[in-house]
Amino acid sequence: MFSVRSLTVRVAHFYQGFFVTSLHTSTAKMVTEKCLAKGSAAPGPVPQDKIRIYSMRFCPFAQRTRLVLVAKGINHETVNINLKEKPDWFLAKNPLGLVPVLETSAGEITYESPITCDYLDEVYAGKKLLPSSPYGKAQQKMMLEHFSKVTPYFYRIPMGRRNGDDVSGLETELKEKFGKLNEDLVKKKSKFFGGDSITMIDYMMWPWFERLEALRLEHCMAGTPELKKWTERMWEDPAVKACMFSTDVYRVFMESYAAGKPDYDYGL
C-alpha cells in the first residue's frame, strides 16, 4: 500500500532545519530559515567555499535542486525567499522572480530547476546523477518533458475541488499518466527510472509524489504496483529524507496558500 512509508515518513525528519540532517551537517548551512521579503537587506557575498541556493521551503521546483545539492554532498547555503513579496535585490538576480536560483562566489547566476540541477551535476565532483552518454542524457530529458505534462494535475485537481468542480475526469487522466509511468518501470525492469540506482530523473519527479497524500491524490496510484515500489524506495533515500516535510506540514502550508496568505515560515 502507498502508506507503507508509515512512521518514518510521518515523523518526516522534520526538524526545524529539515534541510540539514546528521548526514549533511558539514555541507549545508542556512543563512536564514525565515524567508526574506520586499524591503529586506540583501545577503552578503557568497563565501568562497560555498554555492548559495535561493529557495522557498515548500516549493517542489526548488526541492529538485536541494535534492541534488544534498545527494552530491555540495557545500552550500540556503536563502529562503517570500515569493508573494519578493525583494528587489532578488528580482535583480532572476527577473522571472522564481526559485530555485543558484549563485556562486564569483557572482555567477543560474536559475530554472532543470538547468540548476544539470549545472550542479556537471560542475561538482562526486556521484554523477546524469548518464554519461549523450543518448542517456537525452532519454532523461525526454522523460522530463513528458513528466512536465503530469505536474499540472497536482494543481488543477485540488483547485477544482476547492471550487466545487467535478474533478473525476482529471483524476482519471492522472491515473492514466501514472499508469504509463508504471509501464515504463515494467519495461525497464529496473528499481528506478534511470536504472537500479537513483539518477537525476528520479529527483526531478520526486517532489510531486512526496505531496500526493497532502493533496489527497494517493488514490490515483491505484493499479500501479511498480510505481508504488518506486515511491517506497525513494522514501528511503538519504537526500529525500533530508529535504522532506511531513504530510501535515504540507497541508497547513497548502491551506494558507489557497487562502491567499501563504505561510512560508510555517513551523519555524
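The paragraphs below walk through this predicted model, from its overall make-up to a few local details. Because the model is predicted, local features need a pLDDT of at least 70 and side-chain atom pairs count only at pLDDT 80 or more, while totals for chains, interfaces and linings use all residues. Residues are numbered from 1 along each chain as its sequence is written, and side-chain values use heavy atoms, with hydrogens and water left out.

Let us start with the whole chain. The protein has 11 helices and 5 strands; these are DSSP runs (H or I of at least four residues for helices, E of at least two for strands), numbered from the N terminus. Of the 268 residues in the protein, 49% are buried. Here buried means under 20% relative accessible area, exposed means over 50%, and partly exposed is in between, with a 1.4 Å probe and protein chains only. A contact means heavy atoms within 4.5 Å. Among the contacts in the protein with a separation of 6 or more, 73% are between residues 24 or more positions apart.

A good place to look next is helix 8 (residues 200-210). How many of the residues of helix 8 are buried? The count is 11 of 11, and helix 8 is mostly covered. Among these buried residues are Asp202 and Glu210, along with Tyr203, Trp206 and Pro207.

Helix 8 has a partner in helix 5 (residues 134-147): their axes come within 9 Å and cross at roughly 15 degrees. Two packed helices are described by the angle between their axes and the distance between the axes. The axes are lines fitted to C-alpha atoms, for helices over the stretch in contact, and the angles run from 0 to 180 degrees between N-to-C directions. Helix 5 and helix 8 are therefore roughly parallel to each other, a term for angles under 35 degrees (over 145 is roughly antiparallel, 65 to 115 roughly perpendicular and the rest oblique). Their crossing is left-handed, meaning that the near helix is turned anticlockwise from the far one by less than a right angle, whereas clockwise would be right-handed.

Which residues bring the two helices together? Helix 5 supplies Gln140, Met143, Leu144 and Phe147, and these meet Met200, Ile201, Met204, Met205, Trp208 and Phe209 of helix 8. The residues of this contact divide into 9 nonpolar, 1 polar and no charged. In this grouping Ala, Val, Leu, Ile, Met, Phe, Trp, Tyr, Cys and Pro count as nonpolar, Asp, Glu, Lys and Arg as charged, and the others, Gly among them, as polar.

Now for the charged side chains. A search of the whole structure finds 12 salt bridges, each being a side-chain nitrogen of Lys or Arg within 4 Å of a carboxyl oxygen of Asp or Glu. In one of them, Lys38 and Asp88 meet at 2.8 Å, N to O. This pair links distant parts of the chain, 50 residues apart: Lys38 sits in the loop between strand 1 (28-36) and strand 2 (51-55), and Asp88 in helix 3 (residues 88-93). Lys38 is exposed, with a relative accessible area of 52%. Asp49 and Lys50 form another salt bridge, with their closest N and O atoms 3.9 Å apart, and Lys50 is buried at 18%. Salt bridges also link Arg52, Glu77, Lys93 and Glu103 in a network.

Three members of that network reappear around Val46, in the loop between strand 1 and strand 2. Leaving aside neighbours within four places in sequence, Val46 is in contact with Ile51, Arg52, Glu77, Glu103, Thr104 and Ser105. Val46 is buried, with a relative accessible area of 7%. The C-alpha atoms of Val46 and Glu103 are 7.3 Å apart, although 57 residues separate the two along the chain.

Finally, a few backbone details deserve a look. Most residues other than glycine have a negative phi, and most peptide bonds are trans. Val99 and Pro100, however, are joined by a cis peptide bond with omega about 10 degrees, and Pro100 lies in the loop between helix 3 and strand 4 (101-103). Lys189 has a positive phi near 55 degrees; Lys189 lies in the loop between helix 7 (168-188) and helix 8 and is exposed at 74%. Arg216 has a positive phi of about 55 degrees in the loop between helix 8 and helix 9 (225-235), and Arg216 is partly exposed at 47%.
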